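Dear colleague,

I am passing on the structure we spoke about, and below it I have set out what came up when I went through it. Please read the notes with the sequence and the model open beside you.

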Amino acid sequence: MGLGLLASRLIRPQKTAARNLLLRSIVTKPELQSAEPATTPQPDLPPRTPLAGARVHFPNPDDAIEVFVDGYPVKIPKGMTVLQACEVAGVDIPRFCYHSRLSIAGNCRMCLVEVEKSPKPVASCAMPALPGMKIKTDTPVAKKAREGVMEFLLMNHPLDCPICDQGGECDLQDQSMAFGSDRGRFTEVKRSVVDKNLGPLCCDMIKLGRVLWGIVKLLGVQDLGMLGRGSGEEIGTYVEKLMTSELSGNVIDICPVGALTSKPFAFKARNWELKGTETIDVTDAVGSNIRIDSRGPEVMRITPRLNEDINEEWISDKTRFCYDGLKRQRLNDPMIRGADGRFKAVSWHDVLAVVAEIAHQVKPEEMVGIAGKLSDAESMMALKDFLNKMGSNNVWCEGNGPSPNADLRSGYIMNTGINGLENADVFLLVGTQPRVEAAMVNARIRKTVRGSNAKVAYVGPPTEFNYDCEHLGTGPETLTEIAEGRHSFCSTLSNAKNPAIIVGAGLFERSDKDAIFSAVEAIAKNGNVVRPDWNGFNVLLLNAAQAAALDLGLVPESSQSIESAKFVYLMGADDVDLEKLPNDAFVVYQGHHGDRGVYRANVVLPASAFSEKEGTYENTEGCTQQTLPAVPTVGDARDDWKIIRALSEVAGVKLPYDTVGAIRSRIKTVAPNLLSVEEREPATFWASLKPDATQKTSSTPFKAAIENFYMTDSITRASKIMAQCSALLLKK
Amino acid sequence: MSITWNLLGAWKSIREKGFGAFLRELKDEGYLNCLADGNLLQTKIHNIGAKLIGVDKFGNKYYQNLETIHGRHRWVEYAEKSRYNASQVPPEWHGWLHFITDHTGDELLMLKPKRYSIEHKENLSGEGEEFIYHSKGHSLNPGQKDWTRYQSWQPTKTK
Amino acid sequence: MASSRVLSLTRAHRLALLSSRRWLSSHPLAEVNPCEVGMISGIPEQHLRRRVIIYSPARTATQQGSGKVGRWKINFLSTQKWENPLMGWTSTGDPYANVGEAGLDFESEEAAKAFAEKHGWEYEVKKRHTPLLKPKSYAGNFKWKGPAN
């Protein structure tokens with residue numbers, strides 16, 4: 001129920017029985033006609049459902065208690081607050097400092113309600129609900145209390161709504177419409193503070209407890225603090241230290257007013273001009289649920305969207321602020337490199353003819369196709385089908401290493417699930433830095449560490465974590481020690497109830513990958529990590545395309561294929577090592593940004609980015625999700641799979657699909673799990689990954705898979721904001 | 001009576017400046033245009049006996065004669081004698097001329113904001129190609145704007 | 001096209017006649033067969049075979065209120081837009097470009113589906129994500145969580 005509705009309910013006269021009788025004669029709805037005449041006045045109780053369709057989690061079904069919200073009985077688990085009880089009863093309590101995903105601050109006092117037998121109004125966010133409590137949310141007492149609080153809050157609030165960035169999506173604005181007084185009694189001078197420099201992402205203005213609370217709780221970086229007391233209070237980073245956290249952008253969402261707003265978005269657009277498209281993020285393997293807000297043909301901002309299983313309601317800074325990369329360095333015309341080494345724009349017709357002709361000139365085994373880290377399943381399927389029809393089987397996805405294991409699904413996805421990590425009590429991170437590889441997974445681990453005091457240990461290069469973490473070693477030999485039971489960590493692991501091992505996908509590129517994985521497997525076996533009721537073996541992937549590529553079987557025939565290649569089809573692949581490629585090889589680059597891959601290319605085919613197409617992606621936990629187009633593509637660019645489909649026809653090996661639906665039914669024959677959208681498909685069975693590996697582990701220590709959190713793919717590398725962030729990161 | 005007074009004034013100025021200067025003044029004041037332009041002639045005749053209230057910076061003269069019919073008692077004689085139009089009246093005099101206010105343009109000019117006001121410009125529609133406004137994206141606008149909201153990759157580096 | 005429209009018109013007529021006997025029980029005009037509304041509404045044929053997405057918009061992350069949550073909308077996947085080269089405004093060639101967000105709003109998933117069927121659109125329904133309420137307390141802020149390790 002909206003606040004406006006709540007307010008109007010206060011004014012609206014209650015329907016009486018007599019009035020119903022009068023109305024009856026003109027009502028034509030049959031169900032009303034057949035109803036019994038309302039002789040006994042029933043309390044006006046519309047059917048109530050929890051707010052926003054919320055599900056209620058009962059940790060212990062026996063502990064349910066019953067409270068009454070506005071006379072309506074609700075069953076809630078013991079320990080919930082009054083505010084939560086009201087939410088279950090479908091009553092939206094106005095609030096500022098309370099945020100459903102942060103711990104309770106209890107300092108704004110906006111959520112006052114009346115509780116029977118309580119002498120004063122009660123701050124519902126901090127008050128635990130007791131059995132039989134009678135809560136009244138729309139009595140004159142509650143309303144007057146809120147009005148008083150609102151007056152105090154507006155006392156020092158600047159009167160800049162017309163130019164404030166939060167205007168139109170401000171809780172304070174909305175709630176002052178419902179509860180604010182129509183006149184002010186404040187005659188003193190308003191307090192003002194100077195803009196602070198919080199780095200390239202956020203700017204700030206005034207105090208509000210929740211923001212501070214949020215940053216400390218969520219980011220785990222104690223950068224912001226409250227200076228002064230009373231009306232002298234203001235938010236400041238200690239000595240204006242810049243906010244350097246990979247989740248700092250979320251304070252923009254947490255802040256109920258315009259105190260902290262997005263700097264790249266500042267003064268660019270108004271929220272009522274924006275069109276929201278609910279889609280997913282592809283800058284890492286988490287697949288955070290996002291909403292792309294666009295104005296006309298332009299992406300204006302990216303905000304998170306609720307998904308309890310993946311990103312809750314947060315997103316990383318890379319996801320949030322990479323969007324300006326979508327507007328820079330774009331490829332918009334098909335281009336062919338002439339004899340002078342310069343690119344010349346040509347028509348699609350000509351460029352496809354050239355590519356098809358050359359593809360027929362080389363031997364099938366000299367053809368190679370590489371899918372990039374942002375590729376969707378549809379285009380990877382088309383690429384594989386096209387190359388197979390041309391006779392080549394050398395097609396893979398970058399980041400999966402020279403000899404990926406695509407046979408056992410449990411060997412490359414996060415078997416516990418991102419949500420399931422909250423049940424673990426011991427984490428062993430092998431060659432991975434979740435903080436930069438998948439910030440949302442790291443947030444889950446951090447939540448678990450803070451919530452249930454889970455222990456975390458890691459093997460890999462020394463890194464900074466935002467939670468307590470034990471460093472066990474740097475390389476494979478530590479892993480062997482743990483596997484053989486010689487390490488002190490073994491006892492922690494075997495005593496754990498739900499141990500979780502997270503292996504980084506950066507190890508895929510190592511030559512001793514199989515040996516490392518068999519060592520990890522030995523640890524899993526000793527620590528009883530994989531049981532029928534708990535699968536704690538996890539691989540944390542790096543890129544959005546990886547899981548789907550392995551599901552579709554994009555595996556190279558030989559690991560040396562690139563040395564003998566004569567025709568290379570790069571589908572957005574920018575991080576492939578092309579040094580070993582023969583000089584006379586013909587390189588086709590299909591992608592949306594002029595990035596690393598373009599400089600070696602002979603032909604450039606412009607494709608659409610993730611914000612402009614429909615595509616299927618599978619995230620690191622094996623959950624299939626789809627992007628939806630939010631904005632039109634630039635210039636002459638086309639969807640990836642459509643380009644390959646057109647090329648196949650020109651080359652005379654026509655692929656048998658020409659709609660998204662048709663290509664998805666083709667995918668169904670290969671990997672049916674890619675069609676069950678928004679469902680997490682767990683790996684069906686667990687078997688030994690490999691017969692005992694013959695290769696020995698090398699002593700080279702693990703490397704960091706990602707050097708720069710802010711620049712991992714062609715979109716983020718084109719982004720100016722990301723460049724500023726990484727410059728700050730380097731300066732530190 | 002006023003006609004004799006006027007003729008006397010003319011005789012006085014011929015005597016003071018000489019006949020050639022008098023003719024030049026006649027021409028500058030637009031008396032020659034009156035021969036072809038009845039409207040101007042009518043204004044000139046109207047001016048006789050009226051009170052000159054003020055002259056704006058463009059040289060337009062504002063007259064008032066309270067003896068004439070009510071509603072036709074304020075008028076302007078444009079400085080430009082051949083191609084005059086109503087947009088040549090600056091905003092400060094507009095109000096006085098159209099009976100919106102009794103304050104003359106000179107009085108209102110003292111209230112004119114210094115910081116953000118811009119100079120009055122007459123409407124030049126139909127006065128030539130160079131005076132026509134072209135939208136920002138129009139190819140005839142010298143600072144033609146490219147509305148493309150993305151920046152394309154420029155192939156600069158060679159192999 | 002024209003003939004098919006006439007056909008569908010006559011069919012609608014016959015339907016109305018057939019069901020006129022049941023006038024008292026239910027309104028005959030309320031009976032709609034799939035695609036029929038689209039056929040007689042004069043909407044160009046290519047727009048009657050569109051793919052649409054039915055979804056329930058998530059709560060705006062920047063706001064707390066839940067008044068608008070739980071509604072269902074239709075996304076027309078409309079991306080035929082460009083910058084008008086003269087004025088810089090956004091032009092579109094799609095009559096449905098601004099309909100889905102602002103114009104269509106349904107109480108339930110079924111209502112949205114029925115609407116799409118009525119117009120003959122091929123639709124796909126996106127799962128709605130709902131929050132999970134877990135007990136939490138103010139006292140939890142000050143709880144001792146074991147020794148810091």
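Strand β1 of chain A, which covers residues 55-56, pairs with β6(C) in the parallel sense, and the pairing runs over two bridges. Within it, A:Arg55 stands opposite C:Leu132, a residue of β6(C). Please keep in mind that all of this comes from a predicted model, and that every value below is computed from that model.

The strand pairing leads on to the contact between chains C and A, in which 41 residues of chain C meet 55 residues of chain A. On the side of chain C that touches chain A, β1 (51-55), β3 (81-83) and β6 (132-133) of chain C each supply at least two residues, and the largest share, three residues, comes from β3(C). Sorted by class, that side of chain C has 13 nonpolar, 19 polar and nine charged residues.

Chain C also touches chain B: here eight residues of chain B are in contact with five residues of chain C. The side of chain B that touches chain C divides into one nonpolar, four polar and three charged residues.

Turning to chain A itself, the assignment divides this chain into domain 1 (45-155), domain 2 (335-406 + 553-674) and domain 3 (414-540). The centres of domain 1 and domain 3 of chain A, taken over C-alpha atoms, are separated by 40 Å.

For residues 274-330 of chain A, an unreviewed UniProt entry gives the feature "domain: 4Fe-4S Mo/W bis-MGD-type". In the model, the end C-alpha atoms of this span of chain A lie 23 Å apart, and the span is 9% helix and 35% strand.

One helix packing in chain A may also be worth your time. How do helix α11 (residues 377-390) and helix α19 (residues 660-670) of chain A pack, and at what angle? Their axes are 10 Å apart and the angle is about 75°; because angles of 65 to 115 degrees count as roughly perpendicular, α11(A) is described as roughly perpendicular to α19(A). From α11(A), the residues A:Ala377, A:Glu378, A:Met381 and A:Ala382 take part, and they meet A:Val660, A:Ile663, A:Arg666, A:Ile667 and A:Val670 in α19(A). By class, the residues of this contact between α11(A) and α19(A) divide into seven nonpolar, no polar and two charged.

With best wishes

Key
Residues are numbered from 1 along each chain as its sequence is written. Chains are lettered from A and ligands numbered from 1 in the order in which they are written. This is a predicted model: local features need pLDDT of at least 70, side-chain atom pairs count only at pLDDT 80 or more; totals for chains, interfaces and linings use all residues. UniProt positions are given in the numbering used here, feature names are shortened, and annotations may be inferred rather than shown by experiment. Helices (H or I, at least four residues) and strands (E, at least two) are DSSP runs, numbered from the N terminus. Domain bounds come from an automatic or database domain assignment. Axes are lines fitted to C-alpha atoms, for helices over the stretch in contact, and angles run from 0 to 180 degrees between N-to-C directions. Angles under 35 degrees count as roughly parallel, over 145 as roughly antiparallel, 65 to 115 as roughly perpendicular and the rest as oblique. Two residues are in contact if their C-beta atoms, placed from the backbone, lie within 7 Å. Ala, Val, Leu, Ile, Met, Phe, Trp, Tyr, Cys and Pro count as nonpolar, Asp, Glu, Lys and Arg as charged, and the others, Gly among them, as polar. Two strands pair if DSSP finds at least two bridges between them.
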